[in-house]
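Work through the exercises below with the sequence and the model in view. Each task is followed by its solution.

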Amino acid sequence: MKSFFRLPIKYQLRLIVLIIALPVIGMIIHAGLQQRRHAIYVAETDTQKLADSIAYEQKSKVASARQLMVALAKLPEIQQQDAAGTTALLSEILKANPDFTNIFIADRSGQVWATAMPVKPPFIISDRRYFINTLASGQLSSGEYIVARATNRPSFTLGYPIKDTHGAITGVIAVGFLLEKYTRVLERSKLPNNSNFVLLDHKGVILFRGSESEKYIGKQSDPRLFKQMQEEPDELTTIGQGVAKGDKRILSIRKLRLDGEMSPYMYVRAGIPVKSVFVEANSQMFINLLGFGLVLGAALLFASFIGKRSIVDRIAMLEEASQTLASGDYKLKVTDSVQGGELGKLASAFDSMAEQLVERQKALASSEKFLNAIIDAEPECIKLLDAGGNLLMMNPAGLEMIGADSFEQVKGQCVYPLITDDCREDFIALGKRIYEGGAGILEFEIVGLKGKHLWLETNAVPFYNDRGEIVSLLGITRDISERKRAEQTLRTLSRAVEQSPTSIVITDLDGKIEFVNPKFTQITGYAAAEAMGQNPGILKTDHTSAEEYQRLWASISSGKVWEGEFHNKKKNGDLFWERATISPIKDTTGAITNYLAIKEDITEKKLLEAQLIHSQKMESVGRLAGGIAHDFNNKLMAILVFADLIKREARDNPLFLEFAAEITKAAQHSAEITSQLLAFSRQQIAMPRNVKMDSALKGILKTMSRLIGKDILLSLTKEPDAWDVRIDPVQLDQIVMNLVINARDAMPGGGTLTIGVVNRTIDEHFCRDNIEAQPGDYVQLTIADSGHGMAAETLKHIFEPFFTTKEAGKGTGLGLSTIYGIVSQNSGFITVFSEPGKGTTFNIYLPRSIDLTGQDNKQPEDIVKGSGTVLLVEDDETILNLSTAMLKQMGYEVLTADEPLTAISLCEDSSLRIDFVVADVILPTMDGRVMMEKIAALRPGLKVLYMSGYSSNAIAKNGIIEAEIHYIKKPFDIYSFNKKILELLASGER
């Protein structure tokens with residue numbers, strides 16, 4: 001409404017006339033719309049009639065064709081397949097029915113044997129829809145669009161079955177229709193221009209079209225429109241899209257079906273263009289509007305003439321007077337020129353206003369002076385900008401902010417270049433909003449004229465003139481650089497806390513949680529909302545003593561920092577270890593306001609420490625056991641050899657032979673114990689080979705049933721393609737037998753024993769939780785029982801030598817320690833899972849091997865004599881004497897040395913013959929391997945047989961003997977010694 005009154009008077013008068021005319025225009029348009037609706041109704045009726053007419057005509061044609069085919073099917077000529085007679089009859093019928101393209105008859109194979117129109121053979125219709133459906137249904141069936149072979153014209157065909165006296169179908173009668181008779185339908189209908197109709201077959205192919213039929217017949221209609229037509233009712237009148245041209249039409253659709261067919265065989269679609277329907281109604285409405293427009297134009301001219309003479313010209317006088325007043329001439333009297341009526345009163349008021357302006361001008365000058373003083377003294381920037389961002393006014397505070405020396409330096413210049421690229425678009429958008437009558441606050445960064453960066457905040461509003469027009473942007477701006485720097489610091493600190501890899505908790509003085517970071521939630525499972533207001537005691541367990549918590553509070557409440565470890569509980573009940581540093585937070589006065597806890601999850605570290613300590617303990621115990629076993633082996637060897645000598649010398653004394661046998665038996669039992677100690681310490685010399693786990697287990701299981709008894713159910717599972725492992729088969733027997741015996745003892749009342757073999761690939765993640773594991777491919781041997789299980793404290797010690805849970809006299813305590821040593825010696829590792837009452841599961845992981853080695857050797861049955869000179873190097877006097885005696889019994893000359901330097905000195909003597917060397921691995925000053933390297937330099941190719949109670953790095957890798965080294969394990973008898981020497985001399989290696 002305000003915009004209306006701001007228009008010139010002549011335009012206001014014209015608008016008034018137009019407003020008066022609007023009802024008349026509305027009535028004219030309403031009448032036109034009524035005519036359009038009536039036209040639509042008429043068009044809908046016409047399309048329905050057209051569609052019904054075509055549908056009726058088509059149904060009549062189908063009915064006539066059906067009657068004809070029913071009659072034909074019963075004729076003797078057709079029943080007897082008289083081709084000549086039937087062809088003549090069909091030709092006569094075709095002449096009498098010009099709407100038919102052809103009539104023909106086919107047998108069940110589809111071979112046409114009679115046709116009204118001659119067709120070049122072969123004429124086969126077995127692939128036609130009407131033929132296939134007729135045979136399937138035994139009823140009248142429809143076809144689809146084809147080009148008739150006889151006439152080469154578009155045709156639509158129906159099929160009807162020929163049945164014999166038993167009702168069996170012997171052939172099919174087919175009648176093809178010409179649809180061209182519908183060409184004159186549009187001429188008779190007298191429909192609007194561009195009206196049309198289309199016939200479609202069941203696939204949407206155009207069979208016929210009312211106009212330009214030859215252009216569209218046989219083409220596929222729009223699939224989208226056809227699908228929509230299929231989903232619509234059988235009879236429908238609506239407004240839709242034309243099939244051919246896609247224009248908007250009033251459509252009437254009919255679907256034609258045959259009895260027994262689910263889907264229509266033909267679609268009739270008649271349409272009248274909506275544009276054609278509205279031609280007459282639109283023309284009448286245009287004539288009515290044109291006539292009224294002429295009358296309205298005359299009224300507007302008359303209103304303009306009256307308005308100019310009585311109003312506009314007099315107002316122009318007032319406008320001229322106002323311009324004179326605006327120029328500062330307050331002496332003009334408007335009442336001298338404009339008198340009478342409302343405008344005369346306005347002229348009188350105008351003169352009175354001029355008198356008042358004189359007084360106000362004086363007051364305004366005083367006010368402007370006062371306002372300028374305030375603006376100049378204001379510590380914040382005050383500025384005026386035009387619509388292009390050019391500076392109209394700026395006070396001294398603003399000039400200082402942008403680095404200008406005076407207003408003249410920047411007057412009229414655009415401020416946009418001072419604003420940084422990231423903020424410029426926002427500042428320009430703010431200016432546009434202000435000039436649209438809005439307001440806003442914006443933070444932005446500038447680079448002053450002297451290069452100084454500042455962050456500013458401006459509060460901008462429109463500045464209006466006396467006429468209410470926006471003439472500039474008024475902005476009051478302050479420097480917020482310090483605040484922005486503080487906010488940036490705070491954001492950085494906040495991101496650091498949020499992304500911290502340690503858990504951070506802040507509580508009040510009573511210990512209530514006020515803040516937790518995401519890491520706290522990740523570790524404990526408590527969301528921030530759940531933790532707020534809670535005491536950190538929600539994580540507390542009994543593992544941390546109350547005294548420790550008292551020391552904690554005593555430290556932090558006195559202003560000190562506390563450091564320590566907690567064994568806490570997560571939300572889901574899992575236990576975990578934390579290392580925490582808790583310190584007080586103080587305000588500027590030094591008073592404690594909060595407490596800050598920085599905590600690190602050390603659960604994995606604790607687990608690894610425990611595993612490392614256990615591993616180191618087992619290594620230390622292993623070294624001790626290995627040393628004891630090595631020394632003990634030397635003594636056992638003397639016992640065994642002397643017992644053997646007694647048996648050889650006392651063959652005629654049965655009592656002495658019995659005593660010697662008991663000595664040998666006791667020594668051999670002791671050797672088994674030392675062997676177990678060496679296996680635990682990983683110093684037992686093994687003879688590894690590639691072993692197929694499934695085959696090895698089969699051999700072990702043959703004797704296992706006698707061990708476990710009938711009340712224990714044995715279950716064996718194995719992977720079909722289990723990998724090979726490289727291990728001494730005897731050691732594998734030891735592993736399985738020891739674990740099976742332990743499982744049997746854990747199930748005195750019977751139970752289930754499960755043995756499984758699977759392939760496993762160990763990754764880095766698994767190794768983090770198992771310190772002895774290394775990534776790679778392993779064969780996992782699992783032995784699980786359903787026995788009484790073990791407590792956690794027992795599990796800590798099960799691999800220690802001589803530790804046993806069995807009754808006194810029922811176990812040596814070396815079974816599991818032996819297994820531990822064997823597995824470690826073969827670069828594997830063990831995991832154990834057990835709980836009281838829930839059984840025990842041992843998982844043995846042995847590295848995969850793909851290298852096959854040689855076969856076992858047979859023991860010689862007796863000593864084979866030899867000849868030559870042997871250099872024997874042994875630091876133990878007893879063993880030196882025993883070995884010398886055995887070598888001499890074998891027929892060898894012996895040179896002895898009790899330390900390496902003596903042996904090397906003997907080899908330097910070229911006059912001495914030395915055929916091979918027998919040397920201990922562990923010798924004073926240097927080991928046997930190093931000694932032989934020096935001897936090899938003096939006597940290349942000299943062969944050596946090593947002997948020892950345990951292996952050394954000189955001849956073994958990871959405790960497993962190298963394949964090219966000849967070695968005999970102490971204690972040994974003369975037969976084993978003789979066998980090894982024979983192997984040495986027979987080999988091609990030194």
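Two strands pair if DSSP finds at least two bridges between them. Helices (H or I, at least four residues) and strands (E, at least two) are DSSP runs, numbered from the N terminus. This is a predicted model, in which local features need pLDDT of at least 70 and side-chain atom pairs count only at pLDDT 80 or more, while totals for chains, interfaces and linings use all residues. Residues are numbered from 1 along each chain as its sequence is written, and side-chain values use heavy atoms, with hydrogens and water left out.

**Exercise 1.** Find the strands that pair with E17, and state which residues stand opposite Ile506.

Solution. Start with E17 itself, which spans residues 503-507. Four of its five residues are buried (under 20% relative accessible area, with exposed over 50% and partly exposed in between; 1.4 Å probe, protein chains only). Next, look for partners: E17 is joined to E21 (residues 592-601) by five bridges, and to E18 (residues 513-516) by three bridges. Both pairings are antiparallel. Now place Ile506: Leu596 stands opposite in E21, and Phe515 stands opposite in E18. Last, follow the hairpin of E17 and E18, where five residues lie between the strands and Gly511 takes a positive phi near 90 degrees.

**Exercise 2.** Which residues touch the most other members of the largest nonpolar core?

Solution. A nonpolar core is a set of buried Ala, Val, Leu, Ile, Met, Phe, Trp, Tyr and Cys residues joined through side-chain atoms within 4.5 Å. The largest one has 52 residues, and Ile103, Leu158, Phe197 and Leu199 touch the most other members. Helix H2 (residues 9-73) gives this core its largest share, 13 residues. A second, separate core has 37 residues, among them Ala696 and Phe799. Return to Ile103: leaving aside neighbours within four places in sequence, its contacts (heavy atoms within 4.5 Å) include Leu68, Leu90 and Val175.

**Exercise 3.** Locate the nonpolar surface patch that includes Ile646, and say which helices supply it.

Solution. Patches are made of residues with over 30% relative accessible area and no salt bridge (a side-chain nitrogen of Lys or Arg within 4 Å of a carboxyl oxygen of Asp or Glu). Like charges are joined within 9 Å, and nonpolar side chains (Val, Leu, Ile, Met, Phe, Trp, Tyr) within 5 Å. The members here are Ile639, Ile646, Leu655, Phe656, Phe659 and Ile663, with about 520 Å² of accessible area together (Shrake-Rupley method, 1.4 Å probe; for residues, only the protein chains shown count as cover). Helices H19 (603-649) and H20 (654-680) each supply at least two of them, and H20 gives the largest share, four residues. Ile646 lies in H19 and is partly exposed, at a relative accessible area of 36%.
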